[in-house]
Amino acid sequence: LRVVKFRRTGESSRSDEDVISGEHEIQIEGVRTELEPIELEDGAAVPKEFANPTDDTFLVEDAVEAIGFGKFQWKLSVITGLAWASHAMEMMILSILAPQLHCEWRLPSWQVALLTSVVFVGMMSSSTLWGNISDQYGRKTGLKISVLWTLYYGILSGFAPVYSWILVLRGLVGFGIGGVPQSVTLYAEFLPMKARAKCILLIEVFWAIGTVFEVLLAVVVMPTLGWRWLLVLSALPLLLFAVLCFWLPESARYDVLSGNQEKAIATLKRIATENGAPMPLGKLIISRQEDRGKMRDLFTPHFRWTTVLLWFIWFSNAFSYYGLVLLTTEFFQAGDVCSISSKRKEVEAKCSLTCEYLTEEDYTDLLWTTLSEFPGVLVTLWIIDRIGRKKTMALSFVVFSLCSLLLFLCVGRNVLTVLLFIARAFISGGFQAAYVYTPEVYPTATRALGLGTCSGMARVGALITPFIAQVMLESSVYLTLVVYSGCCLLAAVASCFLPIETKGRGLQESSQREWGQEMVGRGSQSPGVTRSDSGSQE
């Protein structure tokens, strides 16, 4: 291995900003700028002798890639998964709490529906706010506040004396849940490129585990202690996560963007120590301190089209996912699609206060429905790094639309079950693909806000879908299926028209930089290229 020694001499034409940042351009004659690529195994650390062999500066992206996937990321995966499981439990409890209160408090149907809708209203109204807080004050700060908020009001809702109180308290729980997806932002910013898609997709496993655990908890608690204890016990995983939050470091990408270089270096050294991997050689580049969490940044010429398309994709995901959950119950009760309309006509008018408690068979059906999401995760995990993020989302929407159209046929109960489970598997997998793509496509300055606004649009879809899956279904089954199928076909087209494919790319650090320049390789720069203190190339 040939070692090149050098020193800086002569006059410098550097700007004041370059002097302050301490970053210099170095020209070494006789040294090749094109380096032969070296293939590494997934999660493997860059060997010390190859970690930035010729650069005297490095980006956070370089450090994350050099350190690789190790013990630190495994711990972070478990903690992030715990947050996701807690989120799933708070959502799953809606399907268990509604029929119980319908019977116990003799609530009319519209009040039962409002109890579910108010949670989505809270989530929709807060998603952008939590994203803004995470971009302005840090990912860890926003996540801790949202978790403690959800924990506090989740426990309080178990002591609600009357309907109006539980309505307000569950709405406040929804307001806090709107910030839980920011755990994905923090998680993604610590993952090396090759492991990012797989790890974020595996978070969906924790979602399924959370829903299964909630159903099992309800089977044990509801017959003996009642729904109040179920609400309190369902909030306890959030308490565990809140305690573990103090172990979480702040995102090094956020620290660099906000000008806190020393804290970012300390975080990276901590990760390198836990993983037993070397830090890159040289000095960490200080990114220009940009305005963070500004809505206008989502609509710059470079991101305007991406933002609009992603909003529609997230809307369609939630609209179709929660719609399918509601349709599944309706179809199973009717036996097949063709008998729903005739059954509606034969049903006599009944009092809206008529109620039925959930039975053991109902809980079994909930479990089977939840377990159908595991195949979707596995399929998405297998194809997302092979065909790319955009095509994965498009394929998920197309398969869902195809299954919806096949429901036009008068199929039996078994075929109906297969079609519904395939549809749910792919729409849940597509949802996770969107969770992979969205943090990858936005720069650090607006990453949390971008994810927050997309999550907010998803809640709009969740709010609208009951009017299609329940109200419109009474008028026309086929029109309902056409709406869902058509929406997903449009979402598939929108996925294909996304201008940026993030497969094989790292996370963008600065909005001042052309997309993807951090990721294509440090050794591919031309000799005439200078890196400024913002990390942009001129």
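This passage describes the fold of one protein chain, its helix packing and several buried residues.

The model is predicted. The protein chain has 538 residues, and buried residues make up 54% of them. Its secondary structure comes to 20 helices and two strands. Contacts with a sequence separation of 6 or more were also examined. Of these, 83% join residues 24 or more positions apart.

Helix packing was then considered. Two packed helices are described by the angle between their axes and the distance between the axes. Three pairs are reported here, and α5 takes part in two of them.

Helix α5 spans residues 139-157, and helix α10 spans residues 236-244. Their axes lie 9 Å apart, at an angle of about 150°. Because angles over 145 degrees count as roughly antiparallel, α5 is described as roughly antiparallel to α10. The crossing of these two helices is left-handed. On the α5 side, the contact is formed by Leu143, Val147, Leu148, Thr150 and Leu151. On the α10 side, Leu238, Leu239, Phe241 and Ala242 meet them. By class, the residues of this contact are eight nonpolar, one polar and no charged.

Helix α5 also packs against α6, which covers residues 163-177. Here the angle is about 160°, and the axes are 8 Å apart. The helices α5 and α6 are therefore roughly antiparallel to each other. Again, α5 passes α6 in a left-handed crossing. From α5, the contact uses Ser146, Trp149, Thr150, Tyr153, Gly154, Leu156 and Ser157. From α6, it uses Ile166, Leu169, Arg170, Leu172, Val173, Phe175, Gly176 and Ile177. The contact of α5 with α6 has nine nonpolar residues, five polar and one charged. Thr150 of α5 appears in the contact with α10 and in the contact with α6.

The third pair joins helix α8 (residues 193-221) and helix α16 (residues 373-387). The angle between them is about 175°, and their axes are 10 Å apart. This angle makes α8 roughly antiparallel to α16. In α8, the residues in contact are Lys194, Ala197, Lys198, Leu201, Leu202, Glu204, Val205, Trp207 and Ala208. In α16, the partners are Glu373, Phe374, Val377, Thr380, Leu381, Ile384 and Asp385. The contact of α8 with α16 contains ten nonpolar, one polar and five charged residues.

Helix α9 (residues 227-234) links several of these elements through its buried residues. The buried residues are Trp227, Leu230, Leu231, Val232 and Ser234. They pack against α3 (71-104), α5, α6, α8 and α10.

Individual buried positions were also examined. Ser126 is part of helix α4, which runs over residues 109-137. Its relative accessibility is 0%, so Ser126 counts as buried. A polar atom of the Ser126 side chain lies 3.0 Å from the backbone oxygen of Gly122. Leaving out residues up to four places away in sequence, Ser126 touches Gly174, Phe175 and Gly178. One of these, Phe175, also belongs to the contact of α5 with α6.

Ile67 lies in helix α2 (residues 60-67). With 3% relative accessibility, Ile67 is buried. Ile67 and Ile271 are 204 residues apart in sequence. In space, they are 7.5 Å apart, C-alpha to C-alpha.

Two prolines in loops were examined as well. Pro249 is found in the loop between α10 and α11 (252-257). Its relative accessible area is 7%, so Pro249 is buried. Apart from neighbours within four places in sequence, Pro249 is in contact with Phe72, Lys140, Leu186, Phe190, Thr267 and Arg270. Pro249 and Lys263 are 14 residues apart in sequence and 9.7 Å apart in space, C-alpha to C-alpha.

Pro443 is in the loop between α18 (413-441) and α19 (447-475). Pro443 is buried, with a relative accessible area of 1%. The separation between Pro443 and Leu298 is 145 residues in sequence. Their C-alpha atoms are 9.9 Å apart in space.

Conventions. Residues are numbered from 1 along each chain as its sequence is written. This is a predicted model: local features need pLDDT of at least 70, side-chain atom pairs count only at pLDDT 80 or more; totals for chains, interfaces and linings use all residues. Side-chain values use heavy atoms; hydrogens and water are left out. Helices (H or I, at least four residues) and strands (E, at least two) are DSSP runs, numbered from the N terminus. Buried means under 20% relative accessible area, exposed over 50%, partly exposed in between (1.4 Å probe, protein chains only). A polar contact is a pair of N or O atoms within 3.5 Å; within protein, one must be able to donate a hydrogen and the other to accept it, and residues adjacent in sequence count only if both atoms are side-chain atoms. Contact means heavy atoms within 4.5 Å. Axes are lines fitted to C-alpha atoms, for helices over the stretch in contact, and angles run from 0 to 180 degrees between N-to-C directions. Angles under 35 degrees count as roughly parallel, over 145 as roughly antiparallel, 65 to 115 as roughly perpendicular and the rest as oblique. A crossing is left-handed if the near helix is turned anticlockwise from the far one by less than a right angle, and right-handed if clockwise. Ala, Val, Leu, Ile, Met, Phe, Trp, Tyr, Cys and Pro count as nonpolar, Asp, Glu, Lys and Arg as charged, and the others, Gly among them, as polar.
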